Amino acid sequence: MIEHTPNEDRRKVSAALDEARLRQQAIGARLRQMFDEVVNEPVPDEFLDILRKADKRSSENG
């Protein structure tokens, strides 16, 4: 039977950490891409109308 040495265990842990980091980087890149897509979407006209009405009311009251 072959026994595992501490160096082999360290390599396995290091490989697992490297894989986890790569996964995190990929997730982060995808989240940034999704955020950029949402930020660059146009504001719906209905929402702009609501904002205009709110601005008008606040200027009339203040």
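In the predicted model, Arg 52 is exposed, its relative accessible area being 52%, and its side chain meets that of Asp 49 in a salt bridge with an N to O distance of 3.0 Å. Asp 49, with a relative accessible area of 37%, is partly exposed. Both Arg 52 and Asp 49 belong to helix 2, where they stand three residues apart, or about one turn of the helix.

Searching the whole structure gives three salt bridges, and the pair in helix 2 is accompanied by two pairs in helix 1, described here in turn. Arg 21 is joined to Asp 18 by a salt bridge in which the closest N and O atoms are 3.2 Å apart; because these residues are three positions apart in helix 1, about one helical turn separates them. Arg 21 counts as partly exposed at 46% relative accessibility, and Asp 18 likewise counts as partly exposed at 40%. The side chains of Arg 23 and Glu 19 form a salt bridge as well, with 2.6 Å from N to O, and these residues, four apart in helix 1, are again separated by about one turn of the helix. For Arg 23 the relative accessibility is 48%, so that this residue counts as partly exposed, while Glu 19 falls in the partly exposed class at 44%. Over the protein there are 11 positive and 13 negative side chains, and the centres of these two sets lie 3 Å apart.

With regard to the overall form, the protein contains two helices and zero strands, helix 1 covering residues 6-39 and helix 2 covering residues 45-61. The radius of gyration is 26 Å, whereas a compact globule of 62 residues would have one near 11 Å, and the C-alpha atoms fill a box of roughly 85 × 25 × 15 Å along the principal axes. Within helix 1, Val 38 and Ile 27 are 11 residues apart along the chain, and their C-alpha atoms are separated by 17 Å.

Of the 62 residues, 2% count as buried, and the accessible surface comes to about 6300 Å², with 57% of this area belonging to carbon and sulfur atoms. Nonpolar residues contribute to this surface: Val 38 counts as exposed at 53% relative accessibility, and Val 43, Phe 47, Ile 50 and Leu 51 form a nonpolar surface patch with about 370 Å² of accessible area together. Phe 47, a member of that patch, is found in helix 2 and is partly exposed, with a relative accessible area of 44%.

Key:
Residues are numbered from 1 along each chain as its sequence is written. This is a predicted model: local features need pLDDT of at least 70, side-chain atom pairs count only at pLDDT 80 or more; totals for chains, interfaces and linings use all residues. Side-chain values use heavy atoms; hydrogens and water are left out. Patches are made of residues with over 30% relative accessible area and no salt bridge: like charges are joined within 9 Å, nonpolar side chains (Val, Leu, Ile, Met, Phe, Trp, Tyr) within 5 Å. Accessible areas come from the Shrake-Rupley method with a 1.4 Å probe; for residues, only the protein chains shown count as cover. A salt bridge is a side-chain nitrogen of Lys or Arg within 4 Å of a carboxyl oxygen of Asp or Glu. Buried means under 20% relative accessible area, exposed over 50%, partly exposed in between (1.4 Å probe, protein chains only). The radius of gyration is taken over C-alpha atoms; the globule rule is 2.2 Å times the number of residues to the power 0.38. Lys and Arg count as positive and Asp and Glu as negative; His and the chain ends are not counted. The place of a charge is taken as NZ of Lys, CZ of Arg, CG of Asp or CD of Glu.
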